[in-house]
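Here are my notes on the pairing of the two chains and on one loop residue. Have the model open while you read.

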Amino acid sequence: MLSKKASSLCHGEDSSYFHGWQKYDSDRYDKLTNPKGIIQMGLAENQLSFDLLESWLASNPDALVMKRPNGESAFTDLALFQDYHGSADFKNKLVNFMARIRENKVNFKPDNLVLTAGSTSANEILMFCLADPGEAFLLPTPYYAGFDRDLKWRTGAEIVPIHCSSSDGFKITMCALEEAYQRAKKLNLKVKGVLVTNPSNPLGTTLTRDELNHLITFSVAKNVHIVSDEIYSGTVFDSPSFVSITEAVMDRNLERTDLWSRIHIVYSLSKDLGLPGFRVGMIYSNNKTVVSAATKMSSFGLVSSQTQFLLANMLSDMKFTDKYMKENKERLKKRKETLVSGIKLAGINYLESNAGLFCWVDMSHLLVSNTFDAEKELWEQIIEEAKLNISPGSSFHCTEPGWFRICFANMCAETIQVALKRLKDFSQSINSKKKAGSCSRQRRFLLGKWVSMLLPYDPEPDR
Amino acid sequence: MKLLSRKATCNSHGQDSSYFLGWQEYEKNPYDEVKNPKGIIQMGLAENQLSFDLLESWLAKNPDAAGFKKDGQSIFRELALFQDYHGLPAFKQALVDFMSEIRGNKVTFDPSNLVLTAGATSANETLVFCLAEPGEAFLLPTPYYPGFDRDLKWRTGVEIVPIHCTSSNGFQITETTLEEAYQLAQKRNLKVKGVLVTNPSNPLGTTMSRTELNLLVNFISAKNIHLISDEIYSGTVFSSPGFISIMEILKERSFEDTEVWNRVHIVYSLSKDLGLPGFRVGAIYSNDDMVVAAATKMSSFGLVSSQTQYLLSAMLSDKKFTKNYISENQKRLKQRHKKLVSGLEKAGISCLKSNAGLFCWVDMRHLLSSNTFEAEIELWKKIVYDVKLNISPGSSCHCTEPGWFRVCFANMSEETLKLSMQRLKAFVDSTTKTSQTNHQSIENSRRKSLPKWVFRLSFDDRETVHGER
């Protein structure tokens, strides 16, 4: 009766990424009402700088009640404004904002910008524009779990992973790119492009110049697209500074080649400004056909004109946005350092990072065996015993067991201290249990169906 | 190697149709009472601009709703972070209450069966993704909203097979036409997954009769298919017969908890009733849990801004306001509709008797040089370029009979509507005179080629037509 899309599981929401979320939902930590509850560390939200936004709003009430600077009401115009080209004013402010994030080393034309309801929509639209059903995009692992749904579900496109490993900090290598390309070929999948997230989710690192150059070289050689999801570009709080794909292409003097029209950027205000609820995403492309098709497709997910108006106003206050971006980064840096020192105290290693809202953490030494089964078990324990919802690397398609993503910007300073203490205690307890040798029986939790749907193998009976 | 997808490079976004082209012509030369009094008057946009004062007055009295405040407290943080695809509970509750109110409280809706989407455009596409595979088909009665060619087919790969309705019975759906469409689909090897109707109808402006609704229920029951009822104009019913929702019929026939109950899905939006297309508020209502579950996940690709959800949940929860708004808005629509109808009458033009919507379905067959779609497009070009009115030709709505046009009445001031009717009358008067004298030669020289150019952007032969009058 229903389509395959509606009845299948390929919306990707059976992954542990979403299930951990659900577990947390049923036992949420609250300092007062549920101090023993699960602390959410699986949500990449930026909650550190709302006070700055709220103070701006308090000083600019007109933008909220849809009044123009001259006191006239913009309500009627906004109520009727459903032009899929988006508010010209808002787009001007956005490209300006994006350029400043890139230290004005690149500039963007508002006509090449397409507004979408969040980057979730932007990524899907780009796939619809660049790939036919059955064609593939290469993605470096580990990658954001939501891509399995966003890029594949309704588009019918495929993802072929580019296996990155801890031996070189999960960086993208020419070798890994080529290997992924060959694997796609063997699977009879036509590769249309590479999609990277820069800065990376879940790694929290910016792509190096070398990596960007590999991508460019690869894309030129294979005549494929590069989609660069730069949603975290405003969260780069430490060196090395952010190098956008646009900058890298310009540095190689390739603007006037056909590569230029195969570079597409995705952006959003959900992470930098911490406004995921407002659904503001965008596609930037130098390819006129892509811009034209994506613009029409954006009909299926336009940004509310009420929201466009508010944020156009906010972004036009450059004094505010410059101050905000600077302050926001400082807070992110500080919070990350807090997390990192807590992780160190717990005897856990982590990947050095300079961006994002999370750390990529190595708990492989806590695994009973170097397997994803063991990672799953460890994760269950972390939820049940440590009462922390963190995201296991397998949900990001990491090829090495034992890595976890831990978010640090979606809670207050006090809560993170509680979390770190729990992590330390947990880590110590696991270590001592390991030393004592009595591992497996204690770890058999009765798992609901949701856990067995997580990964494509059966838990071993007696370990 | 082909670099872009087929979807990006083909024309099946449906935007080459005259519906959109007339829009573009208007954009180049828009009427303005002061700045451009000879410009093109937009009568092709089904917008409701009649009741903004009511909305603005509510906003002025309730600044907290737009100010992210609840009971004096700021809830900005919560809203900024709220991206739950289940939607804001208070908003969904207010929305189902509003939908119920529009249906005279004869039906009630469960908010957990409602899925919010960025406009009805998104709702319709999402439903089709959920109900049909690429290559399968939905039956749609003609004439239908031109946007459906994009919304239902483009990215989904689903086909539309028309149910041919005719003026002989006021374009109503009949058992015969339903069955014919079904057979047509079979001949084309298309598996029919359902029927999609717009009730009240766009472009007809009529509500579906009990007979039609019952026919539909019988049909989908017999064929074991879905019914999507796009009820986006349900709040614009301004005179009798009143609006009968498909849900009401199902209840009357005790279809609750049957399989048919699970195959009926409603689409709604605040773009027409409240006149808020810019805010992107649409919804799917379904009794089928699986459809609700899948559509909810798909709504990730087009969620409603939490800022907007909050504002409208406050507005729609104000029952005193909604009661007054619904009734006053309908009064104004009725009045405006009357003005259009009488203006048309004065120009010797009749239209389909209608009781809803933001437009009339106008009969200009007598003004055609021949009973062909070529003649219809010729007439349309004259009306756009010479009379300077952008109205929508029936062919863009897939009407099977040439000569019908959709003329909107709620997206302009009363003075502008008056002016448009004056222009139309002047045109008809002059055409009648001219045709009386030049009938034969015009007949011959109006042989234009080909339906194909309806779908092209440029209007190169405009000069020739103008010169011949």
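The points below take the interface and then the loop residue.

1. Ground rules: this is a predicted model, where local features need pLDDT of at least 70 and side-chain atom pairs pLDDT 80 or more, while totals for chains, interfaces and linings use all residues. Residues count from 1 along each chain as written, chains are lettered from A and ligands numbered from 1 in written order, and side-chain values use heavy atoms, leaving out hydrogens and water.

2. The contact (heavy atoms within 4.5 Å) draws on 70 residues of chain A and 71 residues of chain B. About 6,400 Å² is buried between them, 62% of it from carbon and sulfur atoms; that is accessible area (1.4 Å probe) lost on being put together, summed over both parts. On the chain A side, Met1(A), Arg154(A) and Phe300(A) lose the most, together 13% of what that side buries.

3. How many salt bridges cross the interface? The rule (side-chain nitrogen of Lys or Arg within 4 Å of a carboxyl oxygen of Asp or Glu) finds one. Asp132(A) and Arg6(B) form a salt bridge at 3.7 Å, N to O.

4. Now the loop between helix H12 (289-298) and helix H13 (306-317) of chain B, home to Ser299(B); helices are DSSP runs of H or I, at least four residues, numbered from the N terminus. Ser299(B) is buried, at 1% relative accessible area (buried is under 20%, 1.4 Å probe, protein chains only). Beyond neighbours within four places in sequence, Ser299(B) contacts Tyr85(B), Val115(B), Leu116(B) and Thr117(B).

Key:
Buried area is the accessible area (1.4 Å probe) that two parts lose on being put together, summed over both. Helices (H or I, at least four residues) and strands (E, at least two) are DSSP runs, numbered from the N terminus. Buried means under 20% relative accessible area, exposed over 50%, partly exposed in between (1.4 Å probe, protein chains only).
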